[in-house]
Amino acid sequence: MDAPRERTPEEKVIRVAPSSSSVRRSLADGEAKYLAAATAKLDSLEYGDPAEFIFDRSGRAAARRSNLRELWVPPTFRTADERNVERDINALWTTTEQCAVVIGHPGYGKSTLARFLTTRFAQEFLASKLDRFAFYVPLASLKLKDRTNQRAIVECAVRAVGLVLDEGALLELEKSLKSATLIFDGLDELPMTHGAGDQIPTRIEAASLIRSVNIPNNESFRTGRLSTIVTSRVADWHEDDRTKIRPAALFEISNFSPEQAKEAVVRWHDVAIRLRAEEGLGTADLEKRKLDVANAISTNSELGAVCLTPLMLNILQTIYSDESRDIPSSVSQLCLRAVDRLFMKKHLLGDQKLLVTDHRSWILDALAEAAFTAQERLAQGGTKILTDEDLRRVSKDTCRLSEATAFETRENLITSIAAHIRRGHGILQPMRRNEYEFAHNVFREVLAGYALAKRPVTQRRGYALLEKWHAPIRYWAGLRAASEEGKNEINAFVGELRGGPGSRTIEAALARAEMLSEVVSVTHGQSLMRDLKQRILATQSELLKWLSRRSLPFSKRMRIGDLLGTLGDPRLEAEFSSRLFWVEAGPRQIGRSTNHITRITKYSSVPASPPIEGMLSRFALSAFLVTNAEYKQFLADGGYKQREHWQSAEGWAWASGDDDVRNAVLNRAWDVAPTHLTSEVLGQRLIAEDFPDQCERMIKRSSPMYWSAPSHNGPNQPVVGVNWWEALAYASWIDARLRKQGKLDKDQQVRLPTEAEWESLAQQLGGDNPYPWTEGAPYENAHLRAAENSEEARALRPCAVGLFPFHSSGLHDIVGNVWEWTLSKAKPYSEETFRQEADVCGLDDRVARGSSWLSSEIEAAEITFRSFDPPYNAYEDLGIRLCVAERGK
């Protein structure tokens, strides 16, 4: 069988159509100078370049910068027509529209994309692969007054790359506009109205200019496919129809996937290592640093989620250069260290040295008060936007100068502090004239938490009882947890919240848990005083009691599950044997008289009818799905390298990385992808073009498919992204481990359940109900996307196990959360259905049961519903439940 075709690194970045002409005209002088300057100026990261990092640490200025080609990880996009489908950069490059509008949230890399496209156009034009180059036009520096549109655009583009050109060169570039693509960066950075002395256009005027450029058959500008590209923030693009460009193809930048974040870490460090080696210096510390950063964002789910924003990942990689050489263990530490570096340390060699040296605490206090102001407005239903007046006020309110200071000196310093904050330094970003916003919500929340430390306990208590203040309260604890004094303060405040008005509410319980979980994150659970440990135990117990309340909203269930993942989930600490639900031997009936109604042909091919009877020996199912924490032990023990646990030749060949087997399986996966990825397509999580990449990720790996995804890898979430072979191997490994510990009877074995065992047990839970519960609607009893009459949207990720503990059986998630692999082959019911063993060899399809958070089929929540997959498939909503049965049964 042919091996699957690999994409070259070049194709993974961008596919370029060749020029229609094999010979390009010679360059005019203005063009040559602009292209050279654009390539030199724009082909680098604006912030976080490894060259700066290397030379900053050596005490020298960087002689050169790294190029985007080797550093930059291209974003993915969602389009207006496919809101939940990720498209790569080639969707933008190959659009047939004359104008493409790229929108994104702060920190998602809109300007970096604009810079990359400009340099790529230049490189391909100079190599005669394209018939045009591009002008980079940062709209915040565009000046229209007393200029033609052509001159204004050319002058802006020239200034952006640091050029000063004579009149003749400018005229040459104006002529080039007829054949060039224009990249207008930062429509959102323009004001909506003119202020006194403003020379830059309003956003409405800039939009009008861009529309005029896009008029068909325009004699002054190029028309045709991808003649203009415009970038803007999401909120600003949707704010006012007068500033929208139509017609245009709309592309919204997505945040990083875990794989993209990991790739960005590797690229950044590989460049840093190369630069260090070229200086004749050692690189071992950078090799270790690369592993440390990658490990931090994959094992700390909160830190990892924040660093899926390119800006935040860049900040993490850049600030990890302090003398302590430790990676921030929490989001609060990351953000405060970023503020210190970007607002203070970065300016120690510049003209702001005296200001940041003498008034560091003042600057930090003023910035924190600005964040507090924005957070308070937001919590009250207002805006998080700050104005010049706000920044001036907080700078004045936090002034530390004595009353004896001369009035003029005092006012000048207040002005200087406000001006320093107003520059933003990557943390606070200008929105429009005299308005600012924090580049990432987490900066606002962490700094508001810093400001909370200045408030009296009674006021802090009031904020802690408000849900919208829980993040700042959490980060207040994170900032204080590094010292013994801070831990004592947290301990006292948690105790304060356990009594008095409002202390018995879910908001108070969550606030206590938020603070303690941040303490655990910062300290890694080490060196905690006895009182804090007792607080944690009490909070764990309290959260579990809240879960037992049927009236608790789903969003709060999810948050409790996440908090228990950090604090420790006591339910999962019990012995495996005590977490089993036993079913006695006897006759059983499974199936139903009619088939389920489904939109998906796949499910119709494994009918649930007719019902069938048979005998089952005694067996038990585990109370919980296998969690990430449990599966991690299998990985750490080298489970993928232990042949004895891989029960089929095919499974072992796959696990051991046999290229021939993996390629053969990959080609089979491609063939059946249209059948098995239907739910992902219906949910707009994939399109057919994504099938090859998705299949390659599914087959070519050595750990669970979503192991590095912060949304999926919490310790008490079910392990997902595992194929049937992995599920079998894990069961075999647990069997051997328990046997070695003397915790498994000699006539028992741990394995996957058969579907007859699974359905028989589910019937016992539900009685005559089609679901495995006796009261309540599906959405009240399980994490199901397709649950009818749900009062709130389900989160599109697995939740922690056991968040609906309403059943006396103690069996959790038998329906919902994730599908569960079974031993059984996907065949019509027959006498073999009740055999409590299975042939594990071959590539036969295997049955999965239980529905999931992703499944769109309403009837999938019923206990008779069947699904199936080949043994090599793995999904983000397919996991493992274990069975204990008699050997050979």
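1. Start with what His812 touches. In this predicted model, leaving aside residues up to four places away in sequence, His812 is in contact with Ala623, Phe624, Gly802, Pro805 and Arg881. Its place is the loop that runs between helix 35 (778-781) and strand 15 (819-825).

2. Is His812 buried or exposed? With a relative accessible area of 10%, His812 counts as buried, because the cut-off for that label is under 20%. There's also a polar contact to look at: the side chain of His812 reaches the backbone oxygen of Gly810 at 3.3 Å.

3. Now the sheet. Six strands make an open sheet with mixed pairing, in the order 1-6-2-5-4-3. Strand 1 (77-79) and strand 3 (134-138) sit at the edges; each has a single partner strand, so one side of each has no neighbour in the sheet. From one strand to the next, the twist averages 20°.

4. Zooming in on one pair: strand 4 (residues 181-185) runs parallel to strand 5 (residues 228-233), and the two pair over 3 bridges. If you want a register check, Phe184 stands opposite Val230 in strand 5. As a reminder, strands of a sheet pair through backbone hydrogen bonds, either parallel or antiparallel.

5. Last, helix 11 (residues 258-278). How far apart should its ends be? At 1.5 Å a residue, the 21 residues should span 30 Å, and the end C-alpha atoms are 30 Å apart, so the two agree. Worth a glance on your Ramachandran plot: just after helix 11, Gly280 takes a positive phi of about 75°.

Methods: Residues are numbered from 1 along each chain as its sequence is written. This is a predicted model: local features need pLDDT of at least 70, side-chain atom pairs count only at pLDDT 80 or more; totals for chains, interfaces and linings use all residues. Side-chain values use heavy atoms; hydrogens and water are left out. Helices (H or I, at least four residues) and strands (E, at least two) are DSSP runs, numbered from the N terminus. Buried means under 20% relative accessible area, exposed over 50%, partly exposed in between (1.4 Å probe, protein chains only). A polar contact is a pair of N or O atoms within 3.5 Å; within protein, one must be able to donate a hydrogen and the other to accept it, and residues adjacent in sequence count only if both atoms are side-chain atoms. Contact means heavy atoms within 4.5 Å. Two strands pair if DSSP finds at least two bridges between them. Axes are lines fitted to C-alpha atoms, for helices over the stretch in contact, and angles run from 0 to 180 degrees between N-to-C directions. The expected span of a helix is 1.5 Å times one less than its number of residues.
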